[in-house]
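The report that follows deals with a chain interface and with pockets. Please keep the sequence and the model in view while reading.

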Amino acid sequence: MSIAIPKITLARRPVVTKILESRKDELLITGLGAPTWDVASVSDHQNNFYLWGGMGGAVSTGLGLALAKPERRVLVFTGDGEMLMGLGSLATVAVQKPKNFAVIVLDNERYGETGMQKTATASGVDLSLVARGVGFHIARTIWTLDELSEATNEIYSAHGPVFYDVKVQRSDDPMVLPE
Amino acid sequence: MVESVSWSDKVFSVLCEAEVKQVAYVPDAGHQRLIKLCIDYNEIKHVPLTSEQEGIALLGGAWLGGERGALLMQSSGVGNVINMLSVPNECRFPLLMIVTMRGEWAEFNPWQIPMGQAVETTLKAMGVIVLRAAEECLISETVSSASKLAFEGGRMVAVLISQRALGQKDWNK
């Protein structure tokens, strides 16, 4: 008997739109590739810092910023491929315990920029379990709109560090460069 | 590493005077004393890393938040940071790295030699200014100079502390 795997129903840009509807003065870091285009298309804001290189460095960049600005909330939006290259950085975050820090992975289980090859998450590697294992206060995989609503509240207000692996459909959204 | 106490204390003072607020590191025996000084000082956030490349990204984020930082590592760690240097290079973030060298002066571990010999070439290929401190008495003033180049000159700078200045590693300690 095999375990039933939920079907992915969430689309990435509506997910980013939903999360950023509540945005106020938060500081954003985006990981290279689609998360940068997603955030630029939804909320191209002066408090965004977009990476288009340095793969594996989004969470670490967010951590340095969160440590420098403990009074501000710092959100990192990145993809599963970028996150997998920087898994160790989750342990580094957990050691620092920044209470103002949230990581959101838009996980389509693919390397979207290079031909949609499968990432490790397509084979069952569970990023939220990794985050929980290293010591994030909250770490969950998000499959549904209800789960996303609850996560959105926590992203802005829960005691960090918090981590959400949002399962999103594979889609071919237009590339939107930041202004 | 008793022989490293003196330069470590001086370099710590240089970092404090430069208002460095975040010190990231992957430990090296040569950095032992300096790391301890940073850990014991509340005004500096000390960030142990799982890989040196995290430190490059971390210090970029720190700079975005208005804080200066420094990355302490061994020469072998330089190999782990090369692509991540694209970020400070492209963004003109200041970057101060203090590298304790292996794989050169009287090295006994052959596995340390390839990266040790490639450190200067690879850093320069990525646009990093490389300053060498070949003797212990030159270390703190070299870090001070590197700090100005980094934070006032807006450049990526690495100080390579020679194995000759550190003394040969003694495995009995």
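A polar contact is a pair of N or O atoms within 3.5 Å, where within protein one atom must be able to donate a hydrogen and the other to accept it, and where residues adjacent in sequence count only if both atoms are side-chain atoms. Between chain B and chain A, 5 residue pairs are in polar contact, both residues being at pLDDT 80 or more. On the side of chain B that touches chain A, β2 (45-48), α3 (52-64) and α5 (86-91) each supply at least two residues, and α3(B) gives the most, with 7 residues; helices (H or I, at least four residues) and strands (E, at least two) are DSSP runs numbered from the N terminus.

This is a predicted model, in which local features need pLDDT of at least 70 and side-chain atom pairs count only at pLDDT 80 or more, whereas totals for chains, interfaces and linings use all residues. Residues are numbered from 1 along each chain as its sequence is written, chains are lettered from A and ligands numbered from 1 in the order in which they are written, and side-chain values use heavy atoms, with hydrogens and water left out.

The class make-up of three residue sets is tabulated here.

| Residue set | Nonpolar | Polar | Charged |
|---|---|---|---|
| Side of chain B that touches chain A | 11 residues | 7 residues | 3 residues |
| Lining of the largest pocket | 9 residues | 7 residues | 9 residues |
| Lining of the second largest pocket | 6 residues | 4 residues | 5 residues |

Ala, Val, Leu, Ile, Met, Phe, Trp, Tyr, Cys and Pro count as nonpolar, Asp, Glu, Lys and Arg as charged, and the others, Gly among them, as polar.
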